[in-house]
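Colleague: Could you take me through the strand pairing and the nonpolar packing of this model, one question at a time?

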Amino acid sequence: MTRKKLAILIGIVFAVGAMALIFWPTSEVDEHTQEETAAETPEGVITLSEEQISEAGIELATVRSGAAVELVFPATVAANPTSTARIDARASGVVRSVGKTLGDYVASGETVARIESADAAALASQLSAARARVTELSSSYERERRLFEENVTARQDLEGAQANLSVARSELQRAQAAVAAAGVSGDGRSLAVTSPLAGRITAAPIVLGAFVNAGEELYRVVDPNGLQIEVALPSAEASRIQPGDEAVLVVGDGREIGARVRSVTPSLDPESRSATAVLSLSRGVPGLQPGAFLQARIRPSGEIDRDRIAVPEDAVQVVEGRDVVFVRTKTGFQARDVELGTRSAGNVTILSGLQEGWQIAVANAFLIKAELGKEGATHGH
């Protein structure tokens, strides 16, 4: 082989090696290509066709400006007159038994304590005397009836005996009613203390063995389902609140409770210069006690804040700890971060993140969130 041929062969080998190095795929190039491909799809974008949106039942709504005005006031929990009861001692005496204590539930008419009293003995004695009187006059009437049938006595004597028996029976009924109402025990020594309504005991100053006077408070009972909310309205705002207006109550742990304005006092308090709005709760709230303080957000009917946007609560989804709303795009949806305001009547105020005129997913928006999670998992893999 000549030197010239050897040189040509070596040149060909070097050329082939160089081309192999240039075009041979490497893991670094593949990773770079994948990153560029992923970057082509913006984060939070979901591709869905019109047919897919329809089949999933995803409903759209157009963002409009205008959110209901909410006025914020301090409020106090109170019990309405028919849902609270003060249980007093019916007579003077010594507390012989205590059946209920603070926080216990009581049924209507349930005995919660017993008081040993001279009044119990007096009522029992009156009942015994009335029964004896009826027994005596019943015998007299039967004797007069037999004598009248034998033509021994006049009709006037029979009618007199019958009248006396009727009076005695009436006295017996009165004595029985008095004993039943007082809850006199079988031995005639004590009176029952009963609750006039069902509820929970919120006060129990009663002490076993203590002497109590007639009219002294022993218990206080409140029906949790009969609570109402009293809101002090400044004079400038009182005319804006009307019966029927919707409201939201915020309790200490952050819970929100639906309510509605039941009434508004027609005049201002001369000392505080404020009116009082009474709110009815939409449901019973466990743990809510009379005297507790709340925050009330009342929505005056017909008043709209044109500078704010409100959307249905179903439109807001939480993605990776962020509140988002899915905005309609040409190819599907884009997740938009939003800042939330107050919630009321199924709507939530949007402070930032949306513009008027945009179309957003409302009903079944959670399906888009689920689809976004699937795509995120795919990219992560």
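Colleague: Which residue in S17 stands opposite alanine 247?

Modeller: The model is a predicted one, and the pairing is read from it. Strand S14, residues 246-250, is joined to strand S17, residues 293-299, in the antiparallel sense over five bridges. Within that pairing, the residue standing opposite alanine 247 is isoleucine 298.

Colleague: Which residue in S15 stands opposite glutamate 246?

Modeller: S14 also runs antiparallel to strand S15, residues 256-264, and five bridges join the two. In S15, the residue opposite glutamate 246 is arginine 260.

Colleague: Is strand S14 largely enclosed or not, and how many of its five residues are buried?

Modeller: A residue is taken as buried when its relative accessible area is under 20%. Strand S14 is largely enclosed by the rest of the structure, because the number of its five residues that are buried is four.

Colleague: How many residues does the largest nonpolar core have, and how many are in the second, separate core?

Modeller: Ile229, Val231, Leu233, Leu249, Leu279 and Ile298 have the most contacts inside the largest core, which has 26 residues. At least two residues of this core come from each of S4, S13, S14, S15, S16 and S17. The second core, separate from it and including Leu123, Ala161, Ala182 and Val184, has 18 residues.

Colleague: Over the ring of which residue does the charged end of arginine 328 sit?

Modeller: Under the criterion of ring centres within 6.5 Å, the count of aromatic pairs is zero. The charged end of arginine 328, however, lies 5.5 Å from the centre of a ring and sits over it, the ring being that of phenylalanine 333.

Notes:
Residues numbered from 1 in each chain as written. Predicted model: local features only at pLDDT ≥ 70, side-chain atom pairs only at ≥ 80, totals over all residues. Heavy atoms only, no water. Phe/Tyr/Trp six-rings, centres within 6.5 Å; stacked < 30°, edge-to-face > 60°. Lys NZ or Arg CZ within 6 Å of the ring centre and 35° of its normal. Buried < 20%, exposed > 50% of the residue type's maximum accessible area, 1.4 Å probe, protein only. Pairing = 2+ DSSP bridges. Core = buried A, V, L, I, M, F, W, Y, C linked by side-chain atoms within 4.5 Å.
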